[in-house]
Amino acid sequence: MLVMNEPRAPIALTGATGFLGGHIAAAILDAGLPLRAVVRDPARARHLEARGAEVVMADLNDGPALARALAGAAALVSNASLGSWAGEYDVYQRVNVDGIENLFDAARRVGLERVVMISTVAVYRTQLRRVMTEASPGYDADTRRLNWSDVTTDWRYARSKTRAEAVAARHARALTILRPGPIYGSGDPKLTARYLRSAARRVVLAPTVGVPQVHAADVALATVAALQRPDSIGRAYNLAGPPTSPLQVLRILRRLHAEGLGQTTRARGWVVPIPLPISVRFDCSAARRDLDFVPRSLEDGLREVLRAATMPPGESS
Ligand SMILES: NC(=O)c1ccc[n+]([C@@H]2O[C@H](COP(=O)([O-])OP(=O)(O)OC[C@H]3O[C@@H](n4cnc5c(N)ncnc54)[C@H](OP(=O)(O)O)[C@@H]3O)[C@@H](O)[C@H]2O)c1
């Protein structure tokens, strides 16, 4: 059942030309649901138009354009956001907090109630020896001086996403919040591109630290499931994989290359482990129960990355 006002009205997706947005757009279309891609540059959304999506232009800082973009939509996936290390805090405040306020205000003005929001596990103050649940202390609530997440997370991003969740909770009447771990997958110019660059080197140093990385397509499937499940309204869900290390990633990439997949990597050379016997874990049992969230294996996820890297532009998801 679609938990939306009007079953054939489109699902509006912000940031549809971004990395995760591309995977969510593909999952919505694959599920046979109508998509309205809300983007800053329509020329970069032609592949979505070719699949039957409506494409509309709106910046998060343009309230009237957002209201036009959301009018008549059945639901909103709020995905557009600045990622880590994008500048000073006021840059984050403008896009990730004030921009989200504009978006949710526009949704309220056009009577759009159902929202699935893409947040992040960065909203927690991660603790190493605990499995973090959706009830774990948030970034603003935990005031200890130094914490693991201060080392691994851009505090500006974490704080802005925490505040964005608060804005969403204040405005939206039927809200689901999704909190993915670090995301990898095809089309990712950050984490995955770094892995591919490292895998192309003759000698590469790789830490053994366990990172709760999750494939973008698994986050996208959980997003579509949330849109369709009334039980997910009013809840937040962690969407993270079991801890896997950069060392595992690089070894798998080399092995897949040796099997003939992925000209972007190197089959031979040294991957030198840097022992760091720590890992970060998130409890995802609620997402497994309500959203059928089952993260794919790292090997399957990396196969997708290498296959997409050999396809002509626009043909991968
Ligand atoms: N990547 C990760 O590891 C990760 C982990 C957890 C959560 N997330 C969350 O996943 C979501 C998507 O992130 P991503 O990794 O896919 O990042 P991304 O590739 O940088 O995509 C961000 C999208 O937001 C759009 N955007 C940025 N500023 C905007 C503005 N002022 N107005 C309208 N649109 C704007 C961008 O538009 P353009 O396409 O025009 O640039 C882009 O499409 C974010 O909410 C992020 O917090 C990401």
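Tutor: Contact means heavy atoms within 4.5 Å. Helices (H or I, at least four residues) and strands (E, at least two) are DSSP runs, numbered from the N terminus. This model is predicted, so local features need pLDDT of at least 70 and side-chain atom pairs count only at pLDDT 80 or more, while totals for chains, interfaces and linings use all residues. Residues are numbered from 1 along each chain as its sequence is written, and side-chain values use heavy atoms, with hydrogens and water left out.

Student: Which elements cover the buried residues of H4?

Tutor: Take the buried set before its cover; buried means under 20% relative accessible area, exposed over 50%, partly exposed in between (1.4 Å probe, protein chains only). In H4 that set includes Tyr-89, Tyr-92, Gly-99, Ile-100 and Leu-103. The cover over the buried residues of H4 includes E1, helix H3 (63–70), E4, E5, helix H6 (155–171) and strand E7 (174–180).

Student: Where is the kink in H4 centred?

Tutor: Start with the length. Helix H4 (residues 89–109) has 21 residues and reaches 28 Å from its first C-alpha to its last, close to the 30 Å expected at 1.5 Å a residue (1.5 Å times one less than the number of residues). The bend at a residue is the angle between axes fitted to the seven residues ending there and the seven starting there. In H4 there is a kink of about 30°, and its centre is Gly-99.

Student: Which residue with a positive phi follows H4?

Tutor: Look just past the helix, which covers residues 89–109. The phi there is positive, near 75°, and the residue is Gly-111.

Student: How many of the twelve residues of H1 are buried?

Tutor: Check the span as well. At 1.5 Å a residue, H1 should span 16 Å, and its end C-alpha atoms are 17 Å apart, which agrees. The buried residues of H1 include Phe-19, Leu-20, His-23 and Ile-24. H1 is mostly covered, and its buried count is eleven.

Student: What phi does Gly-32 take just after H1?

Tutor: H1 runs over residues 19–30. Just after H1 comes Gly-32, with a positive phi of about 80°.

Student: Which element gives the largest share of the largest nonpolar core?

Tutor: A nonpolar core is a set of buried Ala, Val, Leu, Ile, Met, Phe, Trp, Tyr and Cys residues joined through side-chain atoms within 4.5 Å. The largest one has 47 residues, and Ile-24, Leu-48, Phe-282 and Leu-291 touch the most other members. Elements giving two or more residues include helix H1 (19–30), helix H8 (216–228) and helix H10 (285–291). The largest share, eight residues, comes from H8.

Student: How many residues are in the other core, the one with Leu-60?

Tutor: That core lies apart from the largest one. Its members include Ala-80, Ile-100 and Ala-106, and its size is 36 residues.

Student: What is Ile-24 in contact with, leaving aside neighbours within four places in sequence?

Tutor: Ile-24 is a buried residue of H1. Leaving those neighbours aside, its contacts are Leu-13, Val-77, Asn-79, Ile-118, Ala-220 and Thr-223.

Student: Which residues come nearest to the ligand?

Tutor: Near means having a heavy atom within 4 Å. There are 23 residues around the ligand, and those that come nearest are Thr-17, Leu-20, Asn-79, Tyr-157 and Lys-161.

Student: How far is an oxygen atom of the ligand from a polar backbone atom of Leu-20?

Tutor: A polar contact is a pair of N or O atoms within 3.5 Å; within protein, one must be able to donate a hydrogen and the other to accept it, and residues adjacent in sequence count only if both atoms are side-chain atoms. For a polar backbone atom of Gly-18, the distance to a ligand oxygen is 3.0 Å. For Phe-19 the distance is 2.9 Å. For Leu-20 it is 2.8 Å.

Student: Is Asp-154 buried or exposed?

Tutor: Asp-154 sits in the loop between H5 and H6. Its side chain has a polar atom 2.6 Å from the backbone nitrogen of Trp-85. At 0% relative accessibility, Asp-154 counts as buried.

Student: With which side chain does Arg-156 make a polar contact?

Tutor: Arg-156 is in helix H6 and counts as buried because its relative accessibility is 18%. Its contacts beyond four places in sequence include Trp-85, Glu-88 and Tyr-92. The polar contact, at 3.0 Å, is with the side chain of Asp-154.

Student: How far apart are the C-alpha atoms of Ser-136 and Phe-282?

Tutor: Ser-136 lies in the loop between strand E6 (131–132) and helix H5 (148–152). Its relative accessibility is 17%, so Ser-136 counts as buried. Ser-136 and Phe-282 are 146 residues apart along the chain, yet their C-alpha atoms are separated by 9.9 Å.
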